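The following exercises invite the reader to examine how helices pack and how buried residues are arranged. Please study the structure before turning to the solutions.

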Amino acid sequence: SITRVIPAIRSRCLCIRVAAPTSPEIQTVLQNIATKEQFTLPPQLGAQIAKKSNRNLRRAILMLETCKMDKYPFVQNQPIPLPTWEEFTHGIAMEMIAVQTPNKVLQLRQKLYELLVHCIPAKMILRKLTLVLLENVDMNIKYELTKWAAFYERRLQKGSKPIFHIEAFVAKFMTIYKDYLIKGNMT
């Protein structure tokens with residue numbers, strides 16, 4: 001995104017947009033990597049990795065590396081593990097749904113710090129949390145969840161300490177979800 005580049009520099013540059021690679025292009029790159037590294041990559045596994053990477057070449061290469069480290073030679077229907085940070089973020093989101101207390105916010109803050117310390121961008125953490133929460137909450141609060149995720153994502157761009165904004169999002173979601181559960185039990 002060029003919005004993070006200051007206008008003085010932006011005015012002196014030519015912006016070029018490059019489309020993300022297609023799945024067949026990613027498969028070709030993965031096959032080339034396999035050839036150069038001297039191992040065989042079944043075409044169906046290459047296709048699965050390309051699909052799961054969401055047109056992100058870097059992610060596809062990391063998934064291929066993880067698959068090779070987990071189990072080589074490859075087997076039919078080999079599971080493609082998610083990156084560790086995504087599994088960790090998924091766990092945080094599930095904990096947000098399970099318990100909504102101030103103590104849980106403090107516990108989750110430590111986990112969020114750990115993600116930030118491992119150089120996972122705050123924007124990616126917030127997006128992943130939002131996506132997992134959207135998959136696991138009732139339709140009645142999805143709109144409000146999306147609204148607050150956008151609000152805190154904007155604050156992330158403007159602010160200097162990402163942990164404050166992510167933690168505020170976590171607390172806001174917990175408040176919304178707790179209110180929803182209480183109102184749901186009363187009716």
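## Exercise 1: Packing of two helices

In this predicted model, H7 and H8 pack with their axes 10 Å apart, at an angle of about 180 degrees. Determine how H7 is oriented relative to H8, and identify residues at which they meet.

*Solution.* Angles over 145 degrees count as roughly antiparallel. The angle here is about 180 degrees, and therefore H7 is roughly antiparallel to H8. From H7, the residues that meet H8 include Leu-126, Thr-130 and Leu-133. On the H8 side, Leu-145, Ala-149 and Tyr-152 are among them.

## Exercise 2: The faces of H8

Establish which residues of H8 are buried and where they lie around the axis.

*Solution.* Helix H8 covers residues 142–158 and spans 25 Å from its first C-alpha to its last, close to the expected 24 Å. Its buried residues are Leu-145, Trp-148, Ala-149, Tyr-152, Glu-153 and Leu-156. Viewed down the axis of H8, the buried residues fall within an arc of 140 degrees, so they line one face of the helix. An α-helix has 3.6 residues a turn, so residues three or four places apart point the same way. Tyr-143 and Lys-158, on the other side of H8, are exposed.

## Exercise 3: The largest nonpolar core

State which elements give two or more residues to the largest nonpolar core.

*Solution.* The largest nonpolar core contains 31 residues, and Leu-129 is one of those with the most contacts inside it. Helices H5, H6, H7, H8 and H9 each give two or more residues to this core. H9 gives the most, with eight residues.

Notes. Residues are numbered from 1 along each chain as its sequence is written. This is a predicted model: local features need pLDDT of at least 70, side-chain atom pairs count only at pLDDT 80 or more; totals for chains, interfaces and linings use all residues. Side-chain values use heavy atoms; hydrogens and water are left out. Helices (H or I, at least four residues) and strands (E, at least two) are DSSP runs, numbered from the N terminus. The expected span of a helix is 1.5 Å times one less than its number of residues. Buried means under 20% relative accessible area, exposed over 50%, partly exposed in between (1.4 Å probe, protein chains only). The arc is that of the directions from the helix axis to the C-beta atoms. A nonpolar core is a set of buried Ala, Val, Leu, Ile, Met, Phe, Trp, Tyr and Cys residues joined through side-chain atoms within 4.5 Å. Axes are lines fitted to C-alpha atoms, for helices over the stretch in contact, and angles run from 0 to 180 degrees between N-to-C directions. Angles under 35 degrees count as roughly parallel, over 145 as roughly antiparallel, 65 to 115 as roughly perpendicular and the rest as oblique. Contact means heavy atoms within 4.5 Å.
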